[in-house]
Amino acid sequence: MYRELDDNEILYMIKENDDYYEILLEKYKPMIIGICKKYKKQGKEIGYELEDLIQVASIGLIDAIKSYSNNQDTLFYT
């Protein structure tokens with residue numbers, strides 16, 4: 001579903017209904033996994049497995065969604 005919508009449309013939908021968080025999480029999941037794989041070794045050194053890093057990054061994305069304001073002159077992606 002996220003392929004038909006841009007980030008601003010999804011963010012608007014999230015403000016109307018929290019159920020739409022999953023759409024944006026699904027859209028950015030490949031990016032999250034890629035970033036977490038880069039830090040897999042460092043994460044292991046402090047006791048985090050890849051799945052833990054992905055979970056923490058997903059929570060970070062949710063926080064970014066909540067704090068994003070489209071009144072700023074930046075794209076959500078950045």
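This report describes the nonpolar core, a surface patch, the salt bridges and one buried serine of a predicted model.

## Nonpolar core

The largest nonpolar core of the predicted model comprises 19 residues, and those with the most contacts inside it are Leu 24, Leu 61, Ile 65 and Phe 76. Two or more residues are given to this core by each of helix H1 (7-16), helix H2 (21-38) and helix H4 (50-67), and H2 makes the greatest contribution, with 7 residues.

Leu 61 illustrates how these contacts are distributed along the chain. When its neighbours within four places in sequence are set aside, Leu 61 is in contact with Leu 24, Leu 25, Tyr 28, Ile 32 and Phe 76; of these partners, Leu 24 and Phe 76 are also named, together with Leu 61 itself, among the residues with the most contacts inside the core.

## A buried serine in H4

Ser 58 is located in helix H4, and because its relative accessible area is 18%, it counts as buried, the cut-off for that class being under 20%. Apart from neighbours within four places in sequence, the residues in contact with Ser 58 are Leu 25 and Ile 32, and both of these also appear among the contacts of Leu 61.

## Nonpolar surface patch

On the surface, Met 31, Ile 35, Tyr 39, Leu 75 and Tyr 77 make a nonpolar patch of about 550 Å². One of its members, Leu 75, lies in the segment after H4, and this residue is classed as exposed because its relative accessible area is 60%, where the class requires over 50%.

## Salt bridges

A search of the whole structure finds 2 salt bridges. In one, Lys 27 is paired with Asp 7, with the closest N and O atoms 2.5 Å apart; this pair links distant parts of the chain, since Lys 27 belongs to helix H2 and Asp 7 to helix H1, with their positions 20 residues apart in the numbering. The two partners fall into separate accessibility classes: Lys 27 counts as partly exposed at 26% relative accessibility, whereas Asp 7, at 12%, counts as buried.

The other salt bridge joins the side chains of Glu 49 and Lys 44, with an N to O distance of 3.1 Å. Here Glu 49 is partly exposed, with a relative accessibility of 38%, and Lys 44 is likewise partly exposed, with a value of 48%.

Notes
Residues numbered from 1 in each chain as written. Predicted model: local features only at pLDDT ≥ 70, side-chain atom pairs only at ≥ 80, totals over all residues. Heavy atoms only, no water. Core = buried A, V, L, I, M, F, W, Y, C linked by side-chain atoms within 4.5 Å. Buried < 20%, exposed > 50% of the residue type's maximum accessible area, 1.4 Å probe, protein only. Helix = DSSP H or I, 4+ residues; strand = E, 2+ residues; numbered from the N terminus. Contact = heavy atoms within 4.5 Å. Patch = residues over 30% accessible without salt bridge, like charges linked within 9 Å, V, L, I, M, F, W, Y side chains within 5 Å. Areas by Shrake-Rupley, 256 points an atom, 1.4 Å probe, with all protein chains shown as cover. Salt bridge = Lys/Arg side-chain N within 4 Å of Asp/Glu carboxyl O.
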